[in-house]
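I opened this entry to look up how the aromatic rings pair and where the paired residues sit. My notes follow in the order of the look-up.

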Amino acid sequence: MKRTTGILVALILVIAAASLAYAAEGNARKGKYLYRQKCRSCHGVSASDLSPSSKTQADWKKMFAKPEALKCYKEWKGVTPEERTDIFSYLHDFAKDSPSPAKCN
């Protein structure tokens, strides 16, 4: 009985951890839309040109680890944490060293 309970608890923990890991990932498709709506209006016009393939996946991780250090962070007032995660997912998933780098903005 104890062994069955232990296995059941372990299984629940594994499922919970997997669902949390999945939930932490953003929606890259939505992120592409949000990037074009909220970021592209400056990047490529008045700010430096920026696209997913401008940086490596490690570069994007580093940038989004401390978004308050970005020069354009003040412009992100209307961007929710969920939207930021979606934008990161888009940029990260299509970085220049990703399996499918972005071909155009």
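I counted rings of Phe, Tyr and Trp as a pair if their centres lie within 6.5 Å. The model is predicted. By this rule I obtained 5 aromatic pairs.

I took up Tyr-35 and Tyr-90 to begin with. Their ring centres are 5.7 Å apart and their planes stand at 50°. Planes under 30 degrees apart would count as stacked and those over 60 as edge-to-face, so I entered this pair as tilted.

I then looked up where the two residues lie. Tyr-35 belongs to helix H2 (residues 28-39) and Tyr-90 to helix H4 (residues 81-93), so the pair ties together parts that are 55 residues apart in sequence. I noted both Tyr-35 and Tyr-90 as buried.

I next examined the pair of Tyr-90 and Phe-94. Here the ring centres are 5.7 Å apart with the planes at 50°, so this pair is tilted. Which of the two residues is buried, and which is partly exposed? Tyr-90 has 2% relative accessibility and therefore counts as buried. Phe-94 has a relative accessible area of 29% and is partly exposed.

I also recorded one aromatic cluster, formed by Trp-60, Phe-64, Trp-76 and Phe-88.

Finally, I turned to H4 itself. The helix has 13 residues and reaches 18 Å from its first C-alpha to its last, close to the 18 Å expected at 1.5 Å a residue. Among its buried residues I listed Ile-87, Tyr-90 and Leu-91, together with the charged-type entries Glu-83, Arg-84 and Asp-86. The buried residues of H4 pack against H2 and helix H3 (57-65).

Definitions and conventions. Residues numbered from 1 in each chain as written. Predicted model: local features only at pLDDT ≥ 70, side-chain atom pairs only at ≥ 80, totals over all residues. Heavy atoms only, no water. Phe/Tyr/Trp six-rings, centres within 6.5 Å; stacked < 30°, edge-to-face > 60°. Helix = DSSP H or I, 4+ residues; strand = E, 2+ residues; numbered from the N terminus. Buried < 20%, exposed > 50% of the residue type's maximum accessible area, 1.4 Å probe, protein only. Expected span 1.5 Å × (residues − 1). Contact = heavy atoms within 4.5 Å.
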